[in-house]
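Please read the following note beside the model, with the sequence at hand. The points go from a single helix to the whole assembly and back to local detail.

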There are 2 protein chains.
Amino acid sequence: MPVCRSRVFTSQLSPEMDGRVVHLLGWVHDVRDLGKIVFVLLRDKEGIVQLTIKAGSVPSEVLEIAKSLSREDVIHVEGVVKKSQIAKLGIEVIPYKIEVISKSDRVVPIDITGKTPADLNTRLKYRVLDLRRAENWAIFRIQHAVLQVIRSFLVERGFIEVFTPKIIATATEGGANLFRVDYFGKVAYLAQSPQLYKEQLCAVFERVFEIAPAFRAEKHDTNYHLNEFISVDIEMAFADMFDVMELLEDLIVEIYRSVKDRCRRELQVLGIDLRVPEKPFPRFKYSEVIDYLVERGIEVKWGDDLSTYHLKVFSERVGQQPYFIYYWPTALRPFYTKPCDDNPEESESFDLNIEWLEVASGGTRIHDKDLLERRIREQGLDPQSFSSHLQFFKYGMPPHAGWGLGLSRLLMMMLRRKDIREVVLYPRDRYRLEP
Amino acid sequence: MPVCRSRVFTSQLSPEMDGRVVHLLGWVHDVRDLGKIVFVLLRDKEGIVQLTIKAGSVPSEVLEIAKSLSREDVIHVEGVVKKSQIAKLGIEVIPYKIEVISKSDRVVPIDITGKTPADLNTRLKYRVLDLRRAENWAIFRIQHAVLQVIRSFLVERGFIEVFTPKIIATATEGGANLFRVDYFGKVAYLAQSPQLYKEQLCAVFERVFEIAPAFRAEKHDTNYHLNEFISVDIEMAFADMFDVMELLEDLIVEIYRSVKDRCRRELQVLGIDLRVPEKPFPRFKYSEVIDYLVERGIEVKWGDDLSTYHLKVFSERVGQQPYFIYYWPTALRPFYTKPCDDNPEESESFDLNIEWLEVASGGTRIHDKDLLERRIREQGLDPQSFSSHLQFFKYGMPPHAGWGLGLSRLLMMMLRRKDIREVVLYPRDRYRLEP
């Protein structure tokens with residue numbers, strides 16, 4: 001068993017280690033065989049290092065093995081670090097031993113070096129190979145960084161992490177677009193959001209967050225919808241729309257700042273010069289957006305939902321800075337959204353957009369039981385099917401507000417990817433259940 | 001809208017604040033009306049503080065409101081902090097204003113003060129009210145702490161956080177006990193574990209972890225099974241069973257140590273004097289356990305699975321110290337478990353138990369494609385249905401090992417609760433889909 005506790009990662013190699021013996025483990029990223037000299041690029045989870053195997057200066061069996069290597073072989077290397085003016089890391093490694101741990105097929109369906117790009121469908125089909133490309137190394141290390149930042153940001157502000165059930169008996173927001181599950185002979189659904197649970201829980205813990213999968217059975221064919229996605233959800237007692245908008249604004253700034261600071265190599269690989277957005281983010285009333293579009297001759301009226309086309313037109317005005325659209329028509333929002341006191345046609349609700357894409361959505365929620373029941377009925381739903389939820393509004397439900405943020409939508413826009421599938425390890429869409 | 005940015009949490013109150021004006025928000029935990037003096041306990045997410053309302057020393061309307069309060073009313077209080085020898089926190093608050101934000105029904109179905117205990121079924125029925133009890137305050141704050149420790153522990157060791165799909169096309173470990181989902185007319189399943197995905201991903205990122213829901217359609221009626229649960233999963237390239245056992249051991253010690261350090265108040269509420277387990281944890285071969293049981297006249301033979309009864313008998317020998325049982329019969333473990341080289345009847349696999357309960361399970365995995373295919377067939381499964389997974393074993397699959405840890409099982413045993421439902425916000429069992 002090639003367990004190698006004395007192993008060194010490529011990121012730990014430096015010119016100061018000149019002359020030191022190291023053990024390396026990883027994949028053959030590429031081989032260049034020039035006859036009397038063979039260059040092997042070894043890739044591990046941290047990066048790539050060059051192995052230089054020169055006839056005469058290494059044991060002959062090492063040269064032989066080096067010549068037999070092909071891309072994606074898994075190897076164990078023992079060698080000596082040598083300073084180098086030419087090599088990327090400022091060093092190369094001269095192996096005195098190469099052991100092949102796991103042999104790869106010679107023909108690899110995806111070119112991991114990136115020299116021959118593949119289309120997205122092929123890439124997703126061979127996802128694990130595709131993920132070995134530098135671009136994906138960067139994307140998913142950034143996702144990892146973003147997740148850690150989100151949690152530490154929320155934990156510092158007194159939020160408690162919760163997990164709410166994903167198999168549920170009642171539709172959260174209406175009933176359409178739910179995946180059905182056979183639950184021991186009963187009909188159940190997959191949660192499209194933790195909405196009702198997080199509202200209940202903020203009547204206990206006041207500030208809760210959850211980062212977990214959500215499921216929507218929507219038949220979309222866009223580059224920004226998935227049927228399973230990771231939702232970052234918060235809910236906060238004794239807060240209104242403005243409180244949670246500010247929280248979200250602070251969080252987004254913190255995410256960009258951290259990624260810019262801590263993921264320099266990753267951003268470089270992706271060719272992105274990340275601009276940290278400035279606070280406060282621009283805020284536009286829904287009605288202002290409608291007016292703007294109408295002035296530009298677009299046929300849209302108050303009460304209509306904003307399409308991607310509308311947002312594309314409107315966002316030209318804003319640029320890359322994230323912005324809020326708030327005070328949406330009550331009728332366009334889910335039943336739990338609080339209507340404005342002075343004008344119930346409008347609601348205390350908002351979306352956070354980056355360019356043309358909604359990345360988060362939230363608002364003040366209704367905490368009055370009678371109003372909530374009325375709104376459920378007004379949206380054509382049956383309060384009876386929400387009785388298990390509604391009962392808790394009798395026992396001290398505090399005013400509260402919250403939002404849900406699509407992790408992958410944020411990543412897609414931040415990293416300027418063209419399709420949300422690029423920033424999800426194993427995307428699920430209407431047509432894609434595998435791998 | 002009672003947004004109160006100048007709000008003080010009960011945890012921030014201290015005798016040094018004597019004479020200071022504070023705003024408090026929270027729930028009426030209890031009221032004691034002695035006629036000319038009313039004591040109100042105000043509860044917020046951090047704890048409880050006493051409000052003392054004495055006729056003559058507060059405005060008469062404040063006394064009136066105080067007398068009208070009932071348990072679980074949500075209130076906003078403005079008052080003056082006063083040192084007190086008698087009160088729990090060393091202080092009380094003398095309100096000059098009390099505003100009722102959200103009135104509760106007088107009859108609350110669960111006694112949140114804990115004076116009248118309810119049975120678990122009633123507690124789960126009114127879960128959000130039950131969760132307001134001090135015991136649950138403690139349990140879920142500890143869960144929160146445990147989650148943060150697990151992640152920081154793994155991140156420090158170079159693990160990257162991943163999310164794998166929960167809607168899947170193929171059964172991970174065989175096909176039985178899966179919840180079926182209707183996926184746009186196709187049959188899909190809910191993932192019972194991220195096993196195959198995390199193995200694939202360790203051929204990319206080498207060290208991955210995921211903390212996410214898992215789903216098993218098992219018809220259990222025990223105090224330690226749930227049909228939806230949070231699984232802490234890791235997978236590690238270039239590692240074997242012993243590496244990941246040590247990692248797990250270190251993690252468990254770190255969890256106990258952190259909880260003991262950081263959750264003193266919570267442990268006190270639960271009446272638990274937490275003992276941090278010592279390393280190394282005892283390790284017993286499966287065959288040793290069988291021998292031990294046979295010696296005690298229990299009818300069991302090599303090859304049998306160990307029942308809860310068996311583990312109850314065996315664990316008396318060990319006490320509360322977590323321990324490993326390893327080298328399980330290959331036939332008892334999932335197909336991806338690596339058989340021992342010198343004796344393929346035994347496998348490089350382990351369980352981590354606390355007393356009679358398995359809290360984690362793992363081992364070395366097979367990384368050789370031919371062997372994996374053979375094991376799939378030997379377990380009566382069809383390699384064809386794993387083709388999407390198997391194909392990746394052709395392109396440089398490193399040796400790897402990993403484990404899955406049941407978050408709630410660990411909490412249940414650590415916090416000495418009798419039923420796993422007590423440490424899950426909204427448990428899902430055969431009979432329980434709501435709330």
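**Notes on the predicted model**

1. On one side of helix H1 of chain B, Ser60(B), Glu61(B) and Glu64(B) are exposed, where exposed stands for 12 or fewer other C-beta atoms within 10 Å of a residue's own, buried for 20 or more and partly exposed for what lies in between, with C-beta atoms placed from the backbone. The buried residues of this helix, which spans residues 60-68, are Val62(B), Leu63(B), Ile65(B) and Ala66(B). They lie on the same side of H1(B) because they cover an arc of only 165 degrees around the axis, the arc being that of the directions from the helix axis to the C-beta atoms. Strand S2 (37-44), strand S3 (47-54) and strand S5 (91-102) of chain B are among the elements that cover these buried residues. Helices (H or I, at least four residues) and strands (E, at least two) are DSSP runs numbered from the N terminus.

2. A word on conventions: this is a predicted model, in which local features need pLDDT of at least 70 and side-chain atom pairs count only at pLDDT 80 or more, whereas totals for chains, interfaces and linings use all residues. Residues are numbered from 1 along each chain as its sequence is written, and chains are lettered from A and ligands numbered from 1 in the order in which they are written.

3. Chain A has twelve helices and 16 strands, and its C-alpha atoms fill a box of roughly 85 × 55 × 40 Å along the principal axes. Of its 435 residues, 50% count as buried. An automatic or database domain assignment divides chain A into domain 1 (10-102) and domain 2 (134-423), and the C-alpha centres of these two domains lie 48 Å apart.

4. Between the chains, 76 residues of chain B are in contact with 76 residues of chain A, contact being counted when the C-beta atoms, placed from the backbone, lie within 7 Å. Helix H4 (residues 134-156) of chain B gives the largest share of the side of chain B that touches chain A, six residues. The residues of that side divide into 46 nonpolar, nine polar and 21 charged; Ala, Val, Leu, Ile, Met, Phe, Trp, Tyr, Cys and Pro count as nonpolar, Asp, Glu, Lys and Arg as charged, and the others, Gly among them, as polar.

5. A turn of 180 degrees and a shift of 0.0 Å along the axis lay chain B on chain A with an RMSD of 0.0 Å, the copies being superposed by least squares on the C-alpha atoms of residues with pLDDT of at least 70 in both. The two copies are therefore related as by a two-fold rotation axis. The same surface serves both copies, since 100% of the contact residues of chain B recur in chain A.

6. Of the residues of chain B, Val181(B) comes closest to the rotation axis, at 2.4 Å (C-alpha). In strand S8 (residues 180-183) of chain B, Val181(B) and Tyr183(B) form the covered face, while Arg180(B) and Asp182(B) form the uncovered one. S8(B) runs antiparallel to strand S9 (residues 186-190) of chain B and is joined to it by four bridges, two strands being paired if DSSP finds at least two bridges between them. Val187(B) in S9(B) is the bridge partner of Asp182(B). The hairpin of S8(B) and S9(B) has two residues between the strands, and in it Phe184(B) takes a positive phi near 50 degrees.

Terms used: Two residues are in contact if their C-beta atoms, placed from the backbone, lie within 7 Å.
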